[in-house]
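Here are my notes on the model you sent over. Have it open while you read, and we can talk through the points afterwards.

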Amino acid sequence: MKSLAFAARNHKEIIRDPLNLAFGIGFPLVILLLLTTIQANVPTELFVIDKLIPGIAVFGLSFISLFSGMLIAKDRSTSFLMRLFTAPLSASDYIVGYIVPLVPMAIVQIMISFTTALFLGLPINANVLLSIIVLLPISLLFIGIGLLTGSIFNDKQVGGICGALLTNLSAWLSGTWFDLNLVGGWFKEIAYALPFAHAVDASRAALSGDYASILPHMWWVVGYMVVVIVIAVFAFKKKMNGESA
């Protein structure tokens with residue numbers, strides 16, 4: 001209940017900035033529409049919608065990291081958390097309070113992306129819902145990355161890490177724009193050592209009905225998600241103890 005009360009406050013903070021909220025949700029759609037238009041005007045299959053939409057959905061979630069990181073970093077830069085540290089909440093309570101309002105935002109972004117894809121020719125079947133479900137733990141991974149960076153760095157640094165570095169990593173090392181097998185070598189090895197390519201492949205496997213391939217990729221994503229959130233709790237606890245001392 002304490003975490004939910006804190007989550008309600010964070011929800012109000014998120015919707016207080018509708019312009020950035022609209023940009024975070026809308027920018028992936030602009031990319032989706034642009035690449036679909038390119039595909040319609042080239043003779044080869046570069047950006048087929050059923051291959052493209054899982055990657056766009058994962059790429060879009062990187063903006064959720066920016067939201068979560070900025071939210072917690074701004075709270076740390078003001079006296080708000082200093083006052084809040086007097087409340088009987090643990091570090092995990094705070095982290096849960098930040099996660100809860102961001103999950104609906106991630107779900108809305110995913111749903112909007114897939115709904116747009118349906119209008120662009122994505123076949124309607126049960127695998128669409130399965131692909132969306134697969135993306136939910138992936139959204140927790142991106143939220144966790146934002147909370148971790150926000151627990152360590154200030155808001156300007158979070159903007160650089162989540163706004164520039166993470167979006168590029170999730171774009172280029174996920175296989176969204178091109179097949180990683182075309183590059184191969186060390187580039188592919190690095191890509192599959194990180195969770196982003198596994199996230200895209202898991203969603204693509206669900207969408208194509210290749211159910212046996214989902215779990216091998218999801219274990220990578222879930223493993224990264226758990227580790228990142230646990231480290232975020234410890235990092236926040238350390239900052240909490242230092243700033244309340």
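1. Which helix does Leu-4 lie in? Leu-4 belongs to helix α1, which covers residues 2-15. Keep in mind that this is a predicted model.

2. Leu-4 comes out as partly exposed, because its relative accessible area is 48% and that class runs between 20% and 50%. Together with Val-96 and Val-100, Leu-4 makes a nonpolar surface patch of about 220 Å².

3. Ala-7 is also found in α1, but this residue counts as buried, with 5% relative accessibility, since the cut-off for buried is under 20%.

4. What does Ala-7 touch, leaving out residues up to four places away in sequence? The contacts are Gly-97, Val-100 and Pro-101. Val-100 is also one of the patch residues. As for backbone distance, the C-alpha atoms of Ala-7 and Ile-99 are 7.7 Å apart, although 92 residues separate the two along the chain.

5. Now to helix α3, residues 49-77. From first C-alpha to last, its 29 residues reach 42 Å, close to the 42 Å expected at 1.5 Å a residue. Most of α3 is covered, with 23 of the 29 residues buried.

6. Helix α10 (residues 195-208) passes the length check too: its 14 residues should span 20 Å at 1.5 Å a residue, and the end C-alpha atoms are indeed 20 Å apart. The expected figure uses one less than the number of residues, so that is how to redo it by hand. In α10, 13 of the 14 residues are buried.

7. Have a look at what comes after α10: Gly-209 follows the helix, and its phi is positive, near 85°.

Conventions. Residues numbered from 1 in each chain as written. Predicted model: local features only at pLDDT ≥ 70, side-chain atom pairs only at ≥ 80, totals over all residues. Heavy atoms only, no water. Helix = DSSP H or I, 4+ residues; strand = E, 2+ residues; numbered from the N terminus. Buried < 20%, exposed > 50% of the residue type's maximum accessible area, 1.4 Å probe, protein only. Patch = residues over 30% accessible without salt bridge, like charges linked within 9 Å, V, L, I, M, F, W, Y side chains within 5 Å. Areas by Shrake-Rupley, 256 points an atom, 1.4 Å probe, with all protein chains shown as cover. Salt bridge = Lys/Arg side-chain N within 4 Å of Asp/Glu carboxyl O. Contact = heavy atoms within 4.5 Å.
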